[in-house]
Each structure stands twice: as structure tokens, then as C-alpha cells.
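Work through these exercises with the model open beside you. Try each task before reading its solution.

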Amino acid sequence: MIKKVAVFTGTRAEYGLLYWLLKDIQSDVELDLKLLVSGMHLSPEFGCTYTQIENDGFEIDEKIEILLSSDTAVGVAKSMGLGVLGFADALDRLKADALVILGDRFEALAAAQTAMILKIPIIHLHGGEITEGAYDDAIRHSISKLSYLHATSTEAYRKRVIQLGENPNRVKNVGAIGLDHLQRSEMLTLTQISESLGFQLLKPYFLVTYHPVTLAHEDPVESFKALLNSIDSFPRHQVIITYPNADDGGRKIISILEEYANLNPVRVCAIKSLGQQRYLSTVKHADVVIGNSSSGIIEVPSFNVPTVNIGMRQKGRLAAKSVLHCQADEASITSAINNAVNRVYKTAGERIINPYGAGDTSRKVINMIKSLDKAVMKTFYDITTDDLL
């Protein structure tokens, strides 16, 4: 019998990571892909990136509008409420046999809690990770507890999901799903990137993505201004800056970002969304990736490109030695960028080892989906010493 598999996506980054899994579900004769699209994808403010999904050859089965034009925690909470309302009707119409959710976004939590009530088993990707500076951390663990199967990105994260009370038989270390692009996607040349951006991109350049820190005491405006001041200490480098996500405080950053780009039109390119292929191609040719995005920790090291990870947002994640952590102040950021530019973290000819795998994750997740039965009831699993060895 063909298994109907719903996949949720609410942001450009998450969709990019899921791309090859979506393609593999779409082409599998035993599976029927049903795509739920919500959040930033449907917002003109963030680039209406649902059009990229359609251009990639996917049919969107449900569009769920939830995002309020708000820059506050109250607005985010209200968006989650709208999400539950919309996902309830959408999932009821789809009658899916399973729902795939990646990560830790508030939109994803709304989808997960709805699916749990509707008794739709959830397959959760990237559980067990730690990001102490954002409420994403609590959301990620909450989604894990709502889920039935777990596909983690490292063995350490697999053990942490088991520590949450999940049965080891339902928790698999499969690697980071976004690394499948390394094996399967064609990268653009520098000339092709320039043409697609309408911006004459030369080497060296920085790729910058900075998101609001939603839990730690780190003012997003002051931190972002410190980042821009640090970048100005390296006038030889051009800068590509992508927009922040829709967390509270993000819109304040956008206005500063746009003003900075307008004042530096030859040196700085600001863009709402690069799309996964263009983003990874830009990473490949970058001198340094700067900001506080999870991509800087999970995907970027595979390109042997250094990451400057700013502040508390990603605190707790496993990281390759090419990830240089710094505080969210100008002096610390400038020092870290200088160390990255000069490659002081590595010996000559050294190849960086990425702890998140080698890019063969989609196939493993497909096998997990096919093995899933319709059961959703589970027992809390009390760990033993052997489980953590």
C-alpha cells in the first residue's frame, strides 16, 4: 500500500535542507508526497519563497497563512495559535500516514502539536541538539517528545533524544540532511552567482546571516550594529547579507541591514533569500561565513570555509574546529574575523572534519519512513548505563 507522507516547511533554510528528501519521496513509487507550506514562505516581506518550491517542481498541497506582521514575542505566540487552527484543517484534509518535521521553529511546533492530537505519527529530524541562546532549544525538545521516530545528526544527539525518554529502537543517527547537497547538487560558479544576484561579486567576500537571539540577553540591534562595524574593519572584502528570520526582533535588523546596503552599493549586497543551491555555492567561494545561523556550524565546515559564530544563539552545538566562537561585541567579532581570514585555527593543508556526516542522509530517512507503522502510542523509556555507551 502506498504511504502518504506529509512534509512541513515554514522557512527558506529548512526547505533547502529538506530538498533532496522531498525529491526522493516524490520519486518513490511506495510513497505519496504531500507538502504543507507556511510561515515565512508565504510572506512578501521575506521573499515569498513558496515560489521557489513550485519552481523546483513540487506541488504545494496546503498553504497555511500564520505569520503576523509583528516584531514581538506576543506576535510569535499569536502566529503559533493561527498555525494550530490552520494545520488542524490541512492535516485533516490530507489524511497523511506520517508527518516529517525538521528542527526547532515555532511554526514547526504548531504543526507538531496538531499532528499529535490528530494521531499522525511524526518523524523528527535534527532532534537532540542544543542552542541555549534561543527558545528554539525548548521547542526542539518539545517536538521530540511529540514525535514517534527520530533522525538525529550525530551520535551525541541520538543519545540525548534517548535521554529524553525515547526508545533507542526509534532513534537513528543518520547525519545532517542538508549535507546531501554536497554529493548531489551542482554548485554555481562565481560568475553565475554574480549574474543571478545582479551584483558584481569578486573575491574575497564575507557571507553574513544574523538572526535575533530570542532567549539570552543579547540585544539584536546592538549586536548587529557591532557586526557591521567589525565588517567595516575589512574594507577589502565585499559582503553578502541575507535577511534574518521571522523571530521577534528580526524586523529591526532588516531596516538596519537595508540602510547599510544602500550606503555601500558596490561593496554590499542584501538579499531576502539566496535559495539553497545559490546559498551553498556562495558559501563555497566565501572567505568567511559570519553570523549566528546553524548553517555556519552544520554545513559550512564541509566546504573547508571558516565560520565566525557570534554570541549565544548556537551555544551548545557540536562544532568543527573551523567554527570560531566569539562574543557579540565589536572587539570580539573583529578578532574572530581576523583569525578566520588568516586561518589561524588550522595547519597548512589540513582538511576540516565535519561531525555532522558525509551527505547520505535522505536514503536513511526514506528507510525510516517505510518502516513506520501507524502506531503512535509510546512508553517513556528509562535509560540504563548501556544506552549511553
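**Exercise 1. The largest cavity**

Which residues line the largest cavity?

Solution. Bear in mind that this is a predicted model.

Step 1. Count the cavities. The structure holds 3 cavities of 30 Å³ or more.

Step 2. Take the largest cavity. About 60 Å³ of space lies inside.

Step 3. List its lining. Thr 209 and Tyr 279 take part, along with Val 289, Ile 290, Gly 291, Asn 292, Ser 293 and Gly 296. Thr 307, Val 308 and Asn 309 complete the lining.

Step 4. Assign elements. Strand E11 (288-291) and strand E12 (307-310) are the elements that give two or more residues to this lining.

**Exercise 2. The largest pocket**

Find the residues closest to the centre of the largest pocket, then name the helices that help to line the pocket.

Solution.

Step 1. Start with volume. The largest pocket holds about 1000 Å³ of space.

Step 2. Go to the centre. The pocket is lined by 49 residues, and those closest to its centre are Arg 12, Ala 13, Glu 14, Gly 16 and Gln 276.

Step 3. Look for helices. At least two lining residues come from each of helix H1 (12-27), helix H2 (50-55), helix H5 (136-146), helix H11 (276-285) and helix H12 (295-298).

Step 4. Pick the main contributor. H1 gives the largest share of the lining, 7 residues.

**Exercise 3. Cysteines and disulfides**

How many disulfides does the structure hold?

Solution.

Step 1. Recall the bond. A disulfide covalently links the sulfur atoms of two cysteines.

Step 2. Apply the cut-off. The two sulfurs must lie within 2.5 Å.

Step 3. Check Cys 48. Its nearest cysteine sulfur belongs to Cys 269, 19 Å away, and Cys 48 is in no disulfide.

Step 4. Check Cys 269. Its nearest cysteine sulfur is that of Cys 48, and Cys 269 is in no disulfide either.

Step 5. State the count. The structure holds 0 disulfides.

Step 6. Add the surroundings. Cys 48 is partly exposed, at 22% relative accessibility. Cys 269 is buried, with a relative accessible area of 9%.

**Exercise 4. A nonpolar surface patch**

Locate the patch made by Leu 68, Leu 82 and Leu 85, and decide whether Leu 85 is buried or exposed.

Solution.

Step 1. Note the area. These three leucines, Leu 68, Leu 82 and Leu 85, make a nonpolar surface patch of about 250 Å².

Step 2. Place Leu 85. Helix H3 (residues 73-94) contains Leu 85.

Step 3. Compare with the cut-off. Exposed means over 50% relative accessible area. Leu 85 has 60%, so Leu 85 is exposed.

How values were computed
Residues numbered from 1 in each chain as written. Predicted model: local features only at pLDDT ≥ 70, side-chain atom pairs only at ≥ 80, totals over all residues. Heavy atoms only, no water. Buried < 20%, exposed > 50% of the residue type's maximum accessible area, 1.4 Å probe, protein only. Patch = residues over 30% accessible without salt bridge, like charges linked within 9 Å, V, L, I, M, F, W, Y side chains within 5 Å. Areas by Shrake-Rupley, 256 points an atom, 1.4 Å probe, with all protein chains shown as cover. Salt bridge = Lys/Arg side-chain N within 4 Å of Asp/Glu carboxyl O. Helix = DSSP H or I, 4+ residues; strand = E, 2+ residues; numbered from the N terminus. 1 Å grid on protein atoms, 1.4 Å probe; cavity = no way out; pocket = protein on both sides within 12 Å on 5 of 7 lines; lining within 4 Å. Points joined across faces, edges and corners; volume = space filled by probe spheres on them.
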